[in-house]
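Trainee: Hi! Could you walk me through this one?
Mentor: Happy to, let's have a look together.

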Amino acid sequence: MGRPRAFDTDQAIGAAATLFAAHGYEGTSVDDLVTATGIHRGSLYKVFGSKRSLHLTVLRNHLDHEIHPATAAIATLTDPEQALTTAIASYDNGPAAGLLLLAAAERAPHDREVAALVAEGIAALEDALRPSHGDAAPRMASTVLGARLRLRAARPTASKEH
């Protein structure tokens, strides 16, 4: 019988999400993940399989625990201005702020599974904006994501020394 896991998987996923959101997939090394999570390399691979698999787990977790709850709240709003303002203020703004945007730009063009998760997140936002914006929901979702991207660009993260 193996030893019991000596780390909290949810905390490890959260630490990985913060790294991936700040530095992207390519800018985050396995050594960075080991340091941030406090998990030994072997345990990281045993639990998550690979850096890519951990990234996919982080994205799924981000959708389930941040994006979908945010879009559910937005969908209850019928006033167009309130819905748009709420979406810009809340969408993709949790501890992993920017994660979906980075995944869309960096990994989705090269990874079908990442592309599917990104598409799910964007579709959730479009669906959430339909009650308030009708057929303009896709355009408004682009406005929200563009605003998030601009806010991210205005607040650069501390650079990482390599």
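**Getting to know the chain**

Mentor: Let's start with one residue: Thr86 sits in helix α5, which covers residues 80-90. Keep in mind that this is a predicted model.

Trainee: Is Thr86 buried, exposed or partly exposed?
Mentor: Thr86 is partly exposed, because its relative accessible area is 28%, and buried would mean under 20%.

Trainee: How far apart are Thr86 and Ile74 in space?
Mentor: Their C-alpha atoms are 6.7 Å apart, while in sequence Thr86 and Ile74 are separated by 12 residues.

Trainee: Okay, zooming out. How many helices and strands are there in the chain?
Mentor: The chain has 8 helices and 0 strands. Read from the N terminus, the order of elements is α-α-α-α-α-α-α-α.

Trainee: And what share of the residues counts as buried?
Mentor: The chain has 162 residues, and 40% of them count as buried. Phe20 is a good example: Phe20 has 1% relative accessibility and counts as buried.

Trainee: Where does Phe20 lie?
Mentor: In helix α1, residues 9-23. Phe20 also comes to 6.6 Å from Leu99, C-alpha to C-alpha, although their positions lie 79 residues apart in sequence.

Trainee: Changing topic: what is the mean pLDDT of the chain?
Mentor: The mean is 89, and 90% of the residues reach 70 or more.

Trainee: Which helix has the lowest confidence, and which the highest?
Mentor: Helix α8, residues 137-154, is lowest with a mean of 88, and α7 is highest at 97.

Trainee: Can you show me a residue in α8?
Mentor: Sure, Pro138 is in helix α8. Pro138 is partly exposed, with a relative accessible area of 30%. Its C-alpha atom is 5.2 Å from that of Glu126, and the two residues are 12 apart along the chain.

Trainee: Now for charges. Why would charged side chains pair up at all?
Mentor: Opposite charges can pair when the charged atoms of the side chains come close.

Trainee: How many salt bridges does the count come to?
Mentor: The count comes to 8 salt bridges. One of them joins the side chains of Arg41 and Asp31, at 2.1 Å from N to O. That pair links distant parts of the chain: Arg41 belongs to helix α3 (residues 41-48) and Asp31 to helix α2 (residues 30-37), 10 residues apart.

Trainee: Are Arg41 and Asp31 buried, exposed or partly exposed?
Mentor: Arg41 is partly exposed at 38% relative accessible area, and Asp31 is partly exposed at 47%.

Trainee: What about Asp111, which residue does it bridge to?
Mentor: Asp111 forms a salt bridge with Arg52, and their closest N and O atoms are 2.7 Å apart. This pair also links distant parts of the chain: Asp111 is in the loop between α6 (99-107) and α7 (112-133), Arg52 is in helix α4 (residues 51-75), and the two are 59 residues apart.

Trainee: Why does Asp111 count as buried while Arg52 counts as partly exposed?
Mentor: Asp111 is buried because its relative accessible area is 5%, and the limit for buried is under 20%. Arg52 is at 30%, so Arg52 counts as partly exposed.

Trainee: Which residues are linked with Asp111 in a network?
Mentor: Salt bridges link Asp111 with Glu26, Arg52, Arg107 and Glu113 in a network.

Trainee: Back to α4: where do Asp64 and Arg60 lie?
Mentor: Both are in helix α4, 4 residues apart, about one turn of the helix. Their side chains meet in a salt bridge of 2.9 Å, N to O. Asp64 is partly exposed at 36%, and so is Arg60, at 30%.

Trainee: How do α3 and α4 sit relative to each other, what angle do they cross at?
Mentor: Their axes cross at roughly 60° and come within 9 Å. The two helices are therefore oblique to each other. The crossing in which α3 passes α4 is left-handed.

Trainee: Last one: which residues does UniProt list as "DNA-binding region"?
Mentor: The unreviewed UniProt entry lists residues 29-48 under that name. In this model, residues 29-48 are 80% helix and 0% strand, with the end C-alpha atoms 15 Å apart.

Trainee: Thanks, that helps a lot!

Technical notes
Residues are numbered from 1 along each chain as its sequence is written. Side-chain values use heavy atoms; hydrogens and water are left out. A salt bridge is a side-chain nitrogen of Lys or Arg within 4 Å of a carboxyl oxygen of Asp or Glu. Buried means under 20% relative accessible area, exposed over 50%, partly exposed in between (1.4 Å probe, protein chains only). UniProt positions are given in the numbering used here, feature names are shortened, and annotations may be inferred rather than shown by experiment. pLDDT is the predictor's confidence in each residue, from 0 to 100. Axes are lines fitted to C-alpha atoms, for helices over the stretch in contact, and angles run from 0 to 180 degrees between N-to-C directions. Angles under 35 degrees count as roughly parallel, over 145 as roughly antiparallel, 65 to 115 as roughly perpendicular and the rest as oblique. A crossing is left-handed if the near helix is turned anticlockwise from the far one by less than a right angle, and right-handed if clockwise.
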